[in-house]
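Got a new structure on screen and wondering where to start? Let's walk through it together, one question at a time.

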Amino acid sequence: KMNRRGISNVVATIILIAVAIALAVAVAVWVFGLAGSASKTATLQVQAVGLTGVSAAISSGGSKAANLTLLISNPSSSGIGINGFTLGSLSCVFNQPIQIPAGTQGVQIVIGLKVTTSSPSGSTPTSGNFTGLGPINGGNYVIIVGGQGLSSSQITATCSGVQAAQVGVQYSGYITTVSGQTYPFSVTASS
């Protein structure tokens, strides 16, 4: 005869309870870990208001800047720094981040875009390219409207690439944050 012995019912119950508790703890850590990291992620809301003054910038031979206006909100619980932007083939990195504090709603950022033209001497230019930042009304390159404690003085940028400047064209672009996140926008150029 074979002697069949198993583990006692008490030991089996204790093992099952321990495995169930360990599994419940593992699932809870996974679920709350994902939820916790999602709630900590800072996010911006970016809306392009307009790309204006393109015709004037072209016809001025580049002495005037076109204005890219963005409306930015930061509903998250932590501040976010904007490091730069891309508009079509033109990419610019600011010399210092534009800080958007937590809870900020509807800050308007106006970026002056330099337009470089080439035309025969004595004629009015009819086309041009966005090549970098240009002064807005002879002043700053970036103007921040509606943000408490936000300063636009001394903001410049290093830019690379060239984007054709044309009225009526819809451009795609994105804002880049200090952490490397990108937030897309699209804007149609107007005169």
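Q: Is Phe 32 buried or exposed?
A: This is a predicted model, where local features need pLDDT of at least 70, side-chain atom pairs count only at pLDDT 80 or more, and totals for chains, interfaces and linings use all residues. Residues are numbered from 1 along each chain as its sequence is written, and side-chain values use heavy atoms, leaving out hydrogens and water. The labels go by relative accessible area: buried is under 20%, exposed is over 50%, and partly exposed is in between (1.4 Å probe, protein chains only). Phe 32 has 61% relative accessibility, so the label is exposed.

Q: Which helix does Phe 32 lie in?
A: Helices are DSSP runs of H or I with at least four residues, strands are runs of E with at least two, and both are numbered from the N terminus. Phe 32 belongs to the run covering residues 9-40, and that's helix α1.

Q: What is the area of the nonpolar surface patch that Phe 32 helps make?
A: Patch members need over 30% relative accessible area and no salt bridge; like charges are joined within 9 Å, and nonpolar side chains (Val, Leu, Ile, Met, Phe, Trp, Tyr) within 5 Å. A salt bridge, by the way, is a side-chain nitrogen of Lys or Arg within 4 Å of a carboxyl oxygen of Asp or Glu. Areas come from the Shrake-Rupley method with a 1.4 Å probe, and for residues only the protein chains shown count as cover. Together with Leu 23, Val 27, Trp 30 and Val 31, Phe 32 makes a patch of about 560 Å².

Q: How many strands are there in the protein?
A: Read from the N terminus, the elements go α-β-α-β-β-β-β-β-β-β-β-β-β. Alongside 2 helices, that gives a strand count of 11.

Q: What share of the residues of the protein count as buried?
A: On the outside, the protein exposes about 10900 Å², with carbon and sulfur atoms supplying 56% of it. As for the inside, out of 191 residues the buried share is 33%.

Q: Which residues touch the most other members of the largest nonpolar core?
A: A nonpolar core is a set of buried Ala, Val, Leu, Ile, Met, Phe, Trp, Tyr and Cys residues joined through side-chain atoms within 4.5 Å. The largest one here has 37 residues, and those touching the most other members are Leu 51, Phe 85, Ile 109, Leu 113 and Phe 130.

Q: Which residues does Thr 69 touch, beyond those up to four places away in sequence?
A: Contact means heavy atoms within 4.5 Å. Thr 69 sits in strand β2 (residues 65-74) and counts as buried because its relative accessible area is 12%. Its list is Gln 47, Ala 48, Val 49, Gly 50, Gln 108, Ile 109 and Val 110.

Q: How far apart in space are Ala 48 and Ile 109, C-alpha to C-alpha?
A: Ala 48 is part of strand β1 (residues 45-52), and its 18% relative accessibility makes it buried. Leaving aside neighbours within four places in sequence, Ala 48 is in contact with Thr 69, Leu 70, Phe 185, Ser 186 and Val 187. Ile 109 has contacts of its own, including Thr 69 and Leu 70. Along the sequence Ala 48 and Ile 109 are 61 residues apart, but in space the separation is 9.7 Å.

Q: Which residues form a disulfide?
A: A disulfide is a pair of cysteine sulfur atoms within 2.5 Å, and a search of the whole structure turns up 1. Its sulfur atoms are 2.0 Å apart, and the partners are Cys 92 and Cys 159.

Q: How many residues apart are Cys 92 and Cys 159?
A: Cys 92 is in strand β4 (residues 90-100) and Cys 159 in strand β8 (residues 157-160), so the pair links distant parts of the chain. Cys 92 is buried at 2% relative accessible area, whereas Cys 159 is partly exposed at 24%. The separation along the chain is 67 residues.

Q: Which residues is Asn 95 in contact with, leaving aside neighbours within four places in sequence?
A: Asn 95 is also found in strand β4. With a relative accessible area of 45%, Asn 95 is partly exposed. Its contacts are Gln 154, Ile 155, Thr 156 and Ala 157.
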